[in-house]
Structure formats: structure tokens, C-alpha cells
Amino acid sequence: MSRLSEAARRSGRARGSAAAVVGFFAAAWFGWAMAIDVPRPVTVLLDAGIVVALVVAVLGAVLAVRSPAESSALADRTVRRRYTLVVVVEFAVIWAGAAVLGNTGLSEWIPVWVCVAVGIHFFPLATVLGEASLTVLGALLVVVAATGLVTGLTTTVAPGTVTGAGAGGFLLAAAILTLVERRFSGRRTPEPVGQRGSEDSASPAGAPRRRNHS
């Protein structure tokens, strides 16, 4: 597979779509963290996270809709096919594991399973989409899943609370960084005034500049 161009990976359609999807799932994870009763202060924080995540998702969707469709990496047929394959395998693995846990009386561990599966799926996506940062996000989600597992086994805190809050937080951060990336990367360092003033804008490119010695 040919490497994606920087323009395709950084386009408004690509960034907007990613922010919309990741922001939506961040909100879903925050909601999942409240599936079991949690202290009021934690609930307030999770509710705030849901609101912010949904706002980011909406802003991402608006950016994607207003950007040219051909600018997206998924406009490439090969990329789109491999992306779809990764997502389909991810959902199949999630469904199979959740079904086994649910039918064996271990449903409280479903969030941990889903979190680790989501984290792992970002590794092949990093290659498909040419985004190395996705490997970092994937590793963080795997760590969150491991933390939820250990916490659930050693304390009275529900594993879903830990994985929901952790996964939601990292996904929200990723969505925000994706959405504002162009603002930071698009900054240009202004040229010194003296340098701009010394150029003769009327001179053709490559023509020698004449100096006034009078």
C-alpha cells in the first residue's frame, strides 16, 4: 500500500471525521462509567466529560461535512477497504468476547474486554491511516483496560468505572487534539519586517534586484 500524503492525513475531512467518531465514543465511555452507581463528584465530572465530548463530536462532524470529500484518506479505495476490514474484525472480537463473558456470569468484565480490543485495533489502523499517534492511543487504552482489571480484582471499585472514565478521558483528549491540529500546525512564523521590505515585489522570480545607489 502506498503511503498516504500529508495533505490527505491532515485534511479537514479526515480530521473532522476522526474527531466526530472518537468524540462520540468518548461520550459513550463516560456514560458506561456511570452504569454502576458512583459518588456524586465523579458523576458531575463524567457528565461534564459527556457534554464536552459531544460538542467536539459535533464540531468534528461540521468540519468533515464542510471539507471536500476527496481530501479524505478514506477516498482511497485500498485504504477504505483495509480500514473497513480492521473495524469489522474489531467488532467481531468485541461481540464474541462480550457474549462469552455475559453467558458465563462475568458481565462486569465486559468493559475491560471492550477497552483492550479497542486499544489493540488502533495498532493496525495506525498503519492503514499512516498515523503513528494512533499506536500511542492504543497503548494507553490497553493500559486503562489492565488498570480496570487489576482494580476490579483487588478493590471494590467496579472495573467498568475505571475503564469507562479512563478510556473516555484519553479518547476525548485525542479527539480535541485531532480537531485543533490544523490551528497549531498551520501557524507561520512571520518574516522580519526588514527582510520583507528589502524584497522588490515587482521583480520577476529569479531576476537580480537592482540597488539604488543615488
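# Helices, core and pocket in a predicted model

The secondary structure of this protein comes to eight helices and zero strands, and the coordinates are those of a predicted model.

Reader: Which pattern does the protein follow when read along the sequence?
Author: With eight helices and zero strands in the secondary structure, the pattern can be written with helix symbols alone. Read along the sequence, the protein follows α-α-α-α-α-α-α-α.

Reader: What share of the contacts with a separation of 6 or more comes from residues 24 or more positions apart?
Author: The protein has 214 residues, of which 36% are buried. Among contacts with a separation of 6 or more, the share from residues 24 or more positions apart is 71%.

Reader: Which element gives the most to the largest nonpolar core?
Author: In soluble globular proteins, nonpolar side chains tend to be buried together. Here the largest nonpolar core holds 39 residues, with C115, F122, L141 and L171 touching the most other members. At least two residues each are supplied by α2 (12-33), α3 (40-65), α4, α5, α6 (133-154) and α7 (159-185). The element that gives the most, with eleven residues, is α5.

Reader: Which residues is L141 in contact with, leaving aside its neighbours within four places in sequence?
Author: L141 is one of the residues that touch the most other members of the largest nonpolar core, as are C115, F122 and L171. Once its neighbours within four places in sequence are left aside, L141 is in contact with C115, V118, G119, F122, A167, F170 and L171.

Reader: Which element provides the largest share of the lining of the second largest pocket?
Author: This pocket has a volume of about 160 Å³, and the elements that give two or more residues to its lining are α4 (77-103) and α5 (110-129). The lining is made up of V86, V89, E90, V93, W113, V116, A117, I120, H121 and P124. The largest share of that lining, six residues, comes from α5.

Reader: How many residues of each class, nonpolar, polar and charged, are in the lining of the second largest pocket?
Author: The lining residues include E90 and H121, together with others such as V86 and W113. Glu counts as charged, while Val and Trp count as nonpolar. By class, the lining has eight nonpolar, one polar and one charged residues.

Reader: Is T43 buried or exposed?
Author: T43 has its place in helix α3, and, not counting residues up to four places away in sequence, T43 touches M34 and V38. The cut-off for a buried residue is under 20% relative accessible area. Because the relative accessibility of T43 is 15%, T43 counts as buried.

Reader: What is the geometry of the aromatic pair formed by F24 and F25?
Author: The structure holds two aromatic pairs, and in the one formed by F24 and F25 the centres lie 5.4 Å apart with 75° between the planes. F24 is partly exposed, with a relative accessible area of 47%, and F25, at 38% relative accessibility, is also partly exposed. Planes over 60 degrees apart count as edge-to-face, so the pair of F24 and F25 is edge-to-face.

Reader: How far apart in space, C-alpha to C-alpha, are V157 and I36?
Author: V157 lies in the loop between α6 and α7 and, at 39% relative accessibility, counts as partly exposed. Not counting residues up to four places away in sequence, V157 touches T151, G152 and V162. V157 and I36 are 121 residues apart in sequence, and their C-alpha to C-alpha distance in space is 9.7 Å.

Key. Residues are numbered from 1 along each chain as its sequence is written. This is a predicted model: local features need pLDDT of at least 70, side-chain atom pairs count only at pLDDT 80 or more; totals for chains, interfaces and linings use all residues. Side-chain values use heavy atoms; hydrogens and water are left out. On a 1 Å grid over the protein atoms alone, a cavity is a set of points where a 1.4 Å probe fits but cannot get out, and a pocket is an open set with protein on both sides within 12 Å along at least five of seven lines; lining residues have an atom within 4 Å of a point. Grid points are joined across faces, edges and corners, and a volume is the space filled by probe spheres set on the points. Helices (H or I, at least four residues) and strands (E, at least two) are DSSP runs, numbered from the N terminus. A nonpolar core is a set of buried Ala, Val, Leu, Ile, Met, Phe, Trp, Tyr and Cys residues joined through side-chain atoms within 4.5 Å. Buried means under 20% relative accessible area, exposed over 50%, partly exposed in between (1.4 Å probe, protein chains only). Contact means heavy atoms within 4.5 Å. Rings of Phe, Tyr and Trp (its six-membered ring) pair if their centres lie within 6.5 Å; planes under 30 degrees apart count as stacked, over 60 as edge-to-face and the rest as tilted.
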